[in-house]
Amino acid sequence: MKLWTGRFKREIDKKTNDFNSSISFDSRMYREDIEGSVAHATMLGKQGIIAESESEKIVLELNKILADIDNGDCIIDPECEDIHTFIEGELTRRIGDTGKRLHTARSRNDQVALDIRLYLEKHSAKVKTMLLELVDVLIEKAQQYSCAVMPGYTHLQRAQPIVFGHHFLAYCQMFLRDISRINDAVNRMDVSPLGSGALAGTTYNIDRQFVADFLGMQSVTENSLDGVSDRDFCIELACAMSLVMVHLSRFCEEVIMWCSSEFKFVELDDAFSTGSSIMPQKKNPDIAELVRGKSGRVFGDMITLLTVMKGIPLAYNKDMQEDKEAIFDAIDTVLMCLTAFIPMIKTMTVKTENMRKAAAGGFINATDCADYLVKKGMPFRDAYKATGEIVARCIELDLTLEELPIEEYRSVCEVFDEGVYEAISLETCVSGRNVYGGPAEQSIKTQVEKIRETVKCIK
């Protein structure tokens, strides 16, 4: 059944029909389509636009259709143009002409705009739940490794000592921002466009706010043209999903490096690694690599949405049918990546001795050496220069700052004394950075407590 018969005297070409059809991907919105139709039918009866008895009959049968689809007794027909056509056709097949009254004061334009909002709200909640699960895992790791010294990097060069727990908490902040962005997107998404009609509203005495309240939505769209042609919420959510993938990809890049023989900071559980078809010694971080690779897919989805929307005039245009596959794929990909990523992080083995050894060998306590001189009254720039000479001397002698004899220190600057060794101890370097947000153990404890409070507010 086509919803637009009457004007046309010939059937649409089969190949054209397949090209025009969207049921292969919008069928996943069957639940939201029925929920929206139940709300609409209830409102039609309340307003006296159709008889209340017919409204009740429609609602009863729509709920039966939903139950039948859920349990497999009703199979969505792939030959239908879209899910809206299928649901309305199935309703009419079951209850006759009464089913044809459902679409009174409604267009597919405002219908699909509602369905996709309802669908994305639900699936955004799934992403948030998984991100919160990931944050919980990272908090546990942060506490476990709150004293595990490792080198912090800039330009992928060893820079200053931190602890592994601090590194995990950095990603916690990223994922909490992702959750905040999703919340913002959903907040703007949570308005009902139903009642906008095709573009110009309707002459029927509908109650748009009743429908919004019935569906648990905050309010209604303010302009009928905007109500059917807006897809900002899809783009905004795709942007939020893209940033989730940026953060997952960055994390995966580090995991991949940390697994390498050059680092040996972590080892992934066998369940989240693969081998080689020819090299029996290999243990590859394929899961991390796939997550890193799939980020490009989500970025592409966002670009697709931007490109679709950038040049179309008001109001609805068929181009906008392309919104669903892109945003559905973005959410599906993020959920799939999180499903694999979370247990991979949870089960990985951290090699703290190797991290400590790497931290000791990169002169990453040089800043603390300079600070030691500053605390004795030397201007920072002079202290910086003296410490640079000390580092150069260590390189010549193949020694670390901790191993360099005090005589060598004093040959560069007489201000040095035996206290320098305590000042440049890696543990001292970390524990001394007890500034708010820093890597010291107490600071990590404070960060964890604040993150836990934030998570409670989100939940």
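# Briefing: cores, rings and charged pairs

Let's start with one residue: at 32% relative accessibility, Glu253 counts as partly exposed. That label sits between buried (under 20% relative accessible area) and exposed (over 50%), using a 1.4 Å probe and protein chains only. Keep in mind that this is a predicted model, where local features need pLDDT of at least 70, side-chain atom pairs count only at pLDDT 80 or more, and totals for chains, interfaces and linings use all residues. Residues are numbered from 1 along each chain as its sequence is written, and side-chain values use heavy atoms, leaving out hydrogens and water.

**Salt bridges**

- Side chains of opposite charge can pair when their charged atoms come close.
- Searching the whole structure turns up 31 salt bridges (a side-chain nitrogen of Lys or Arg within 4 Å of a carboxyl oxygen of Asp or Glu).
- Back to Glu253: this residue forms a salt bridge with Arg292, and their closest N and O atoms are 2.5 Å apart.
- Arg292 sits in helix α12 and Glu253 in helix α11, so this pair ties together parts that are 39 residues apart in sequence. (Helices here are DSSP runs of H or I with at least four residues, strands are runs of E with at least two, and both are numbered from the N terminus.)
- Like its partner, Arg292 is partly exposed, with a relative accessible area of 30%.
- Arg94 and Asp68 also meet through their side chains in a salt bridge, at 2.9 Å from N to O.
- That second pair ties together parts 26 residues apart in sequence, because Arg94 is in helix α5 (residues 83–95) and Asp68 is in helix α4 (residues 52–71).
- Arg94 counts as partly exposed at 27% relative accessibility.
- Arg94 and Asp68 also belong to a network of salt bridges that links them with Glu61, Glu90 and Arg93.
- Then there's Asp323 with Lys324, whose side chains make a salt bridge of 3.0 Å, N to O; both residues are buried.

**Nonpolar cores**

- The largest nonpolar core holds 87 residues, and Leu120, Phe164, Leu248, Phe251, Ile327 and Ile345 have the most contacts inside it.
- Helix α11 (residues 232–259) supplies the largest share of this core, 15 residues.
- Apart from it lies another core, of 33 residues, including Cys74, Leu114, Leu215 and Met217.
- What makes a set of residues a core? They're buried Ala, Val, Leu, Ile, Met, Phe, Trp, Tyr and Cys residues joined through side-chain atoms within 4.5 Å.
- Phe164 touches Tyr145, Ala148, Met150, Trp258, Val266, Met348, Val350 and Met355, leaving aside residues up to four places away in sequence. (Contact means heavy atoms within 4.5 Å.)

**Aromatic rings**

- The count of aromatic pairs comes to 15. (Rings of Phe, Tyr and Trp, with its six-membered ring, pair if their centres lie within 6.5 Å; planes under 30 degrees apart are stacked, over 60 edge-to-face, and the rest tilted.)
- Take Tyr372 and Phe416: their ring centres are 5.9 Å apart and their planes are at 10°, so the pair is stacked.
- Tyr372 lies in helix α15 (residues 366–374) and Phe416 in the loop between α17 (406–412) and α18 (419–423), so the pair ties together parts 44 residues apart in sequence.
- Tyr372 is buried, at a relative accessible area of 10%, and Phe416 is buried too, at 0%.
- Phe164 turns up again here: ring pairs link Tyr145, Phe164, Phe168, Tyr171, Phe175, Phe251, Trp258 and Phe341 into a cluster.

**Backbone oddities**

- Most residues other than glycine have a negative phi, and most peptide bonds are trans.
- Leu314 and Ala315 are joined by a cis peptide bond, with omega about 5°; Ala315 is in the loop between α12 (286–309) and α13 (322–347).
- Lys264 isn't a glycine, yet has a positive phi of about 55°.
- You'll find Lys264 in the loop between α11 and β5 (266–267), where this lysine is partly exposed, with a relative accessible area of 42%.
- Phe363 isn't a glycine either, and has a positive phi of about 55°.
- Look for Phe363 in the loop between α14 (352–360) and α15; this residue is partly exposed at 22% relative accessible area.

**Two spots inside helices**

- Ser37, in helix α3 (residues 30–46), is buried, with a relative accessible area of 1%.
- Not counting residues up to four places away in sequence, Ser37 touches Leu62, Leu102, Arg106 and Gln111.
- Gly388 belongs to helix α16 (residues 380–397) and counts as partly exposed at 40% relative accessibility.
- The C-alpha atoms of Gly388 and Ala370 are separated by 8.8 Å, while the two residues are 18 residues apart along the chain.
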